[in-house]
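Work through the exercises below with the sequence and the structure in view. Try each task before reading its solution.

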Amino acid sequence: MKTFDQLFAQLTETARTRPEGSGTVARLDAGVHSIGKKIVEEAAEVWMAAEHESKEQAAEEISQLIYHLQVMMIALDLDLDDVNRYL
Ligand SMILES: N=c1c2ncn([C@@H]3O[C@H](COP(=O)(O)OP(=O)(O)OP(=O)(O)O)[C@@H](O)[C@H]3O)c2ncn1[C@@H]1O[C@H](COP(=O)(O)O)[C@@H](O)[C@H]1O
């Protein structure tokens, strides 16, 4: 289990060190267009799970959406403060 900030720190480090086999590195290399499509897909899965599936499944889909949003943040070279200032 990890928090939002801990995941962001991990993904930032992954982007810096580029370990072999990392899905995050592959997503970053695929670029903003590809990451954006994945965000839209995961957002739809959150919606469907919220309406038609269990709370547990909705929570899992929400976690995946958060992951892809963080990948987009890193692709755009945004850090947590860049986003937090609008919360
Ligand atoms: N939290 C996540 C996470 N959430 C979602 N995903 C990815 O997003 C996909 C979303 O699931 P889908 O049901 O859409 O699966 P899919 O249709 O097969 O997706 P595609 O792989 O085809 O895009 C998952 O299969 C993962 O590839 C994640 N990948 C990684 N993480 C975290 O990121 C860390 C670093 O990951 P790596 O870079 O892969 O080492 C990991 O330790 C995890 O903690």
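**Exercise 1: the fold**

The chain has five helices and zero strands, where helices (H or I, at least four residues) and strands (E, at least two) are DSSP runs, numbered from the N terminus. The model is a predicted one, in which local features need pLDDT of at least 70 and side-chain atom pairs count only at pLDDT 80 or more, while totals for chains, interfaces and linings use all residues. Residue numbers start from 1 along each chain as its sequence is written.

Task: State the pattern that the chain follows along the sequence.

Solution. Reading along the sequence gives α-α-α-α-α. The C-alpha atoms fill a box of roughly 40 × 30 × 25 Å, taken along the principal axes.

**Exercise 2: the length of H1**

Task: Compare the expected span of H1 with the distance between its end C-alpha atoms.

Solution. Step one: the expected span of a helix is 1.5 Å times one less than its number of residues. Step two: for the 14 residues of H1, this should come to 20 Å. Step three: the end C-alpha atoms of H1 are 20 Å apart, which agrees.

**Exercise 3: the shell around the ligand**

Task: Find which helix gives the most to the shell around the ligand.

Solution. Step one: list the residues around the ligand, counting a residue as near if its C-beta atom, placed from the backbone, lies within 6 Å of it. They are Gln10, Leu11, Thr14, Ser22, Gly23, Thr24, Lys38, Gln64 and Tyr67. Step two: assign them to helices; H1 (4-17), H2 (23-30) and H4 (55-75) each supply at least two. H1 gives the most, with three residues. Step three: sort by class. The shell has two nonpolar residues (Ala, Val, Leu, Ile, Met, Phe, Trp, Tyr, Cys and Pro count as such), one charged (Asp, Glu, Lys and Arg) and six polar (the others, Gly among them).

**Exercise 4: Arg18 and Asp77**

Task: Decide whether Arg18 and Asp77 are buried or exposed.

Solution. Step one: locate them. Arg18 lies in the loop between H1 and H2, and Asp77 in the loop between H4 and H5 (80-84). Step two: apply the cut-offs for other C-beta atoms within 10 Å, placed from the backbone: 20 or more is buried, 12 or fewer exposed, and in between partly exposed. Arg18 has 11 such neighbours, so Arg18 is exposed. Asp77 has 8, so Asp77 is exposed. Step three: check phi. Most residues other than glycine have a negative phi. Arg18 has a positive phi near 50°, and Asp77 one of about 60°.
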